[in-house]
Amino acid sequence: MNIITVDAGKYQTKALLQNNGIKFRTKLEEIDDNVNIQNNNSFYIQWENKHYLIGDGAKYVDYDVSKHKLQHKLAIYTATAKLLKNKNECNLVVLSPLSTYTNAQAREEFRQYILNNHKARFELDGRETELIIKDVTVFAEAIGVSISNIGMFKDKTVGVLDIGGLNVNGIIIKNMKPVRDTEFTINAGSLIIMEKVRKELNREIRNANIQEYQMDTIMKQGFYNGDAEISKEIIQSILSSHFKDIIQITKANNWDMQGLDIVITGGGSLDLGLQNIRKHIPQAQLSSNPVWDSCIGGNKVGAMLYE
């Protein structure tokens, strides 16, 4: 039986079938049925008599914390169908925010939403597709990192900050098990920080017209070439304020930030850069594969459940 782990994040959808992966932007746009797709990482899907573009070429991002949305459902089905190719039966491990995972009712409602009575029929890139979904397991985004980085967690108490594009998930793991009442999910991901920085740089630096596609480079080098001195101050001021907010949230959820080991994961951590993060959380360490660790952990969970 094929076991697929899907992390349909607010910024990007990632999925794994054994060692085969796929990733694309989690953007959805309702379109006409005669659209010509130009982007190789975009997909045309017909679902319940409506036509959608999903992936890098679509327009709309969903900023809500919840993943109980059509956008995420279709992203999960698209990634699953692309990995299965000519097969159609699978078990799914679907990653969710901690706020969903720790709420038994919300977790089961999300599970049933993706399970879809065990079948999903749709047209994908002009081809009739049917998925036979034997089972769905909902697994927490931030917990997978401990399973894929056992050496960083075994016999230790570690705070995990999973920084996505739009959300940050946090939880404390003690000897490979989550600690109750330490979990949180907030809208504080890397894209939110970078947009704050971009707007402030454009406001404060004369003739600056910084675009979104420049921001990952600016954040990693720590300054904007047009005015290095002022831009450094702006970037560090916004990062300082942002991380103070995150640290306050951790304290409200029973974290001792000074005494804990901290592991940073998620694709957003690479956008911000470990050097920037360590200015505010000095003991922070990056997981071995921040982009894929949650999916790798989910795959291991799936193997234990379904093989």
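This passage describes the central sheet of a predicted model, the helices that pack on the sheet, and several individual residues.

The sheet of the predicted model is open and is built from 9 strands, which follow one another in the order β3-β2-β1-β7-β9-β8-β5-β6-β4 with mixed pairing. Strands β3 (20–25) and β4 (28–30) occupy the edges, and because each of them has a single partner strand, one side of each is left without a neighbour in the sheet. From one strand to the next, the twist averages 35 degrees.

Both senses of pairing can be followed from strand β1. Strand β1, which comprises residues 2–8, pairs with strand β2, residues 12–17, in the antiparallel sense, and 5 bridges are found between the two. Within this pairing, Val 6 is placed opposite Ala 15 of β2. Strands β1 and β7, by contrast, run parallel and are joined by 5 bridges, and here the bridge partner of Val 6 is Val 94 of β7. Val 6 of β1 thus stands opposite Ala 15 in β2 and is also bridged to Val 94 in β7. The parallel arrangement is found again between β7 and β9, which are joined by 8 bridges, with Cys 90 standing opposite Ile 133 in β9. Strand β7 is mostly covered, in that 7 of its 8 residues are buried.

Helix α1, formed by residues 70–84, lies across β1, β2, β3, β4, β5 (42–47), β6 (50–55), β7 (89–96), β8 (119–124) and β9 (127–140), and its direction is at about 140 degrees to that of β1. Helix α11, formed by residues 293–306, also packs on the sheet, where it touches β1, β2, β7 and β9 and makes an angle of about 145 degrees with the direction of β1.

Helix α1 is further packed against another helix. Two packed helices are described by the angle between their axes and by the distance between those axes. For α1 and helix α3, which comprises residues 104–115, the angle is about 55 degrees and the axes are 10 Å apart. An angle between 35 and 65 degrees counts as oblique, and the two helices α1 and α3 are therefore oblique to each other. The crossing of α1 past α3 is right-handed. On the side of α1 the contact is made by Leu 70, Lys 73, Ile 76 and Tyr 77, and on the side of α3 by Tyr 113, Ile 114 and Leu 115. Of the residues in this contact, 6 are nonpolar and 1 is charged, whereas none is polar.

The loop between α3 and β8 contains Asn 116 and His 118. Most residues other than glycine have a negative phi. Asn 116, although not a glycine, has a positive phi of about 55 degrees, and His 118, likewise a residue other than glycine, has a positive phi near 75 degrees. Asn 116 counts as partly exposed because its relative accessibility is 22%, a value that falls between the limits of 20% for buried and 50% for exposed residues. His 118 is also partly exposed, with a relative accessible area of 36%.

Three further residues illustrate other parts of the chain. Glu 30 lies in strand β4 and, when its neighbours within four places in sequence are left aside, is in contact with Lys 50, His 51 and Tyr 52. The C-alpha atoms of Glu 30 and Asn 40, which are 10 residues apart along the chain, are separated by 18 Å.

Asp 216 belongs to helix α7, which spans residues 215–221, and is partly exposed at 30% relative accessibility. Although Asp 216 and Leu 270 are 54 residues apart in sequence, their C-alpha atoms are 8.7 Å apart in space. Beyond its neighbours within four places in sequence, Asp 216 is in contact with Met 194 and Asp 271.

Pro 282 is located in the loop between α10 (274–278) and β15 (284–286). Pro 282 is exposed, since its relative accessible area is 60%. Between the C-alpha atoms of Pro 282 and Ile 205, which are 77 residues apart along the chain, the separation is 30 Å.

Conventions:
Residues are numbered from 1 along each chain as its sequence is written. This is a predicted model: local features need pLDDT of at least 70, side-chain atom pairs count only at pLDDT 80 or more; totals for chains, interfaces and linings use all residues. Side-chain values use heavy atoms; hydrogens and water are left out. Helices (H or I, at least four residues) and strands (E, at least two) are DSSP runs, numbered from the N terminus. Buried means under 20% relative accessible area, exposed over 50%, partly exposed in between (1.4 Å probe, protein chains only). Two strands pair if DSSP finds at least two bridges between them. Axes are lines fitted to C-alpha atoms, for helices over the stretch in contact, and angles run from 0 to 180 degrees between N-to-C directions. Contact means heavy atoms within 4.5 Å. Angles under 35 degrees count as roughly parallel, over 145 as roughly antiparallel, 65 to 115 as roughly perpendicular and the rest as oblique. A crossing is left-handed if the near helix is turned anticlockwise from the far one by less than a right angle, and right-handed if clockwise. Ala, Val, Leu, Ile, Met, Phe, Trp, Tyr, Cys and Pro count as nonpolar, Asp, Glu, Lys and Arg as charged, and the others, Gly among them, as polar.
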